[in-house]
Amino acid sequence: LYFRSHTNSETARATISMDDDICPYEVLELEFTATEEEIKKAKRTLSRKYHPDKNRSASESEKTRLRLKFDLIAKATAFLNDPSEKAKYDNILKARHATKIRHAKQDIERQAARDDLEARERQSQRARAAGVSTAAQREATLQRLRAEAAERMEQEQLRQKNDELRRRHAHDQQSYPVKVKWSSKDLYYTEETLRNLFTKYGVLEAVIVSKPGKAIVSFHRASDAHQAALHERGTGEHPLKKVEMLSPATGEPEPKHAKPEPESTEINNSMDLDAMEAMLMANLAAGGAVTK
């Protein structure tokens with residue numbers, strides 16, 4: 001997460017960029033949760049420390065470094081004093097922080113799964129050594145372990161796909177998600193069949209099957225998403241349990257009787273985890289995800 005300084009004839013203004021390896025909070029030696037008063041205080045302290053007039057006895061090379069640091073402190077402060085740019089930048093930092101927490105949780109789950117698998121293998125080996133397991137029991141155990149390993153692999157691939165979608169969320173982009181539910185035992189619905197089913201309502205941004213029986217269909221226009229939520233019920237042999245439009249801003253269901261208006265995609269910190277993930281998957285997919 002970085003910022004670049006752009007100048008014109010009258011003013012200098014900092015904007016979000018992925019090109020320069022500089023974080024304005026790091027320049028000011030602050031956490032990204034710093035308040036406006038803390039930013040002002042850090043600017044005053046560092047400006048005095050690195051001001052060229054305070055370091056007249058330094059070598060020329062050191063003076064050059066101090067001037068660059070002094071200018072960078074001013075640009076970082078100007079960037080964070082812009083409420084709009086600071087809000088966008090803070091949202092990106094928060095998303096990165098949330099991703100880091102999810103990764104740590106996933107590492108714990110993967111280690112627990114490996115430990116469980118190893119424990120089952122040891123138990124099976126002890127049983128075979130004791131002559132308890134028959135050939136049929138051994139085969140059943142192996143099949144069960146293979147099935148569990150395949151399921152874990154599928155879940156891991158899905159987590160990686162969702163994480164990739166979240167990582168691509170660098171700028172606010174609007175899309176209109178529709179949550180779709182059906183029986184988890186019904187294997188008819190895939191990303192392809194859902195795209196074919198919903199494309200008649202309008203242009204789709206993305207279709208993401210998050211888990212068996214659940215998916216997010218993201219539309220380019222709010223009116224198309226609204227019509228899909230009102231009228232789509234699946235096929236006769238494969239009915240859909242629920243089709244509801246979600247608010248792009250909160251991830252909460254929209255009332256079916258009211259046509260929604262476009263809203264900001266800024267993440268609401270008070271929304272629950274499921275709603276946040278639904279909103280993130282739809283909006284991040286709009287940033288470049290392409291379904292198969």
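The following paragraphs trace salt bridges through this predicted model.

Side chains of opposite charge can pair when their charged atoms come close. With a limit of 4 Å between a side-chain nitrogen of Lys or Arg and a carboxyl oxygen of Asp or Glu, the model holds 14 salt bridges.

One of them joins Arg 120 to Glu 148, with 3.9 Å between the closest N and O atoms. Arg 120 belongs to helix 4 (residues 83-129) and Glu 148 to helix 5 (residues 135-167), so this contact ties together parts of the chain that lie 28 residues apart in sequence. As to their surroundings, Arg 120 is partly exposed, at 29% relative accessible area, whereas Glu 148 is buried, at 18%.

Glu 148 also forms a salt bridge with Arg 152, at an N to O distance of 4.0 Å. Here both residues lie in helix 5; because they are four residues apart, about one helical turn separates them. Arg 152 is partly exposed, with a relative accessibility of 28%.

A further salt bridge pairs Glu 191 with Lys 161, at 2.6 Å from N to O. This pair links distant parts of the chain, since Glu 191 is in helix 6 (residues 191-198) and Lys 161 in helix 5, 30 residues away. Glu 191 is buried, at 12% relative accessible area, while Lys 161 is partly exposed, at 36%.

Finally, salt bridges with shared partners connect Asp 116, Arg 120, Arg 144, Glu 148 and Arg 152 into one network. Within that network, Glu 148 has salt bridges to Arg 120 and to Arg 152.

Methods. Residues numbered from 1 in each chain as written. Predicted model: local features only at pLDDT ≥ 70, side-chain atom pairs only at ≥ 80, totals over all residues. Heavy atoms only, no water. Helix = DSSP H or I, 4+ residues; strand = E, 2+ residues; numbered from the N terminus. Buried < 20%, exposed > 50% of the residue type's maximum accessible area, 1.4 Å probe, protein only.
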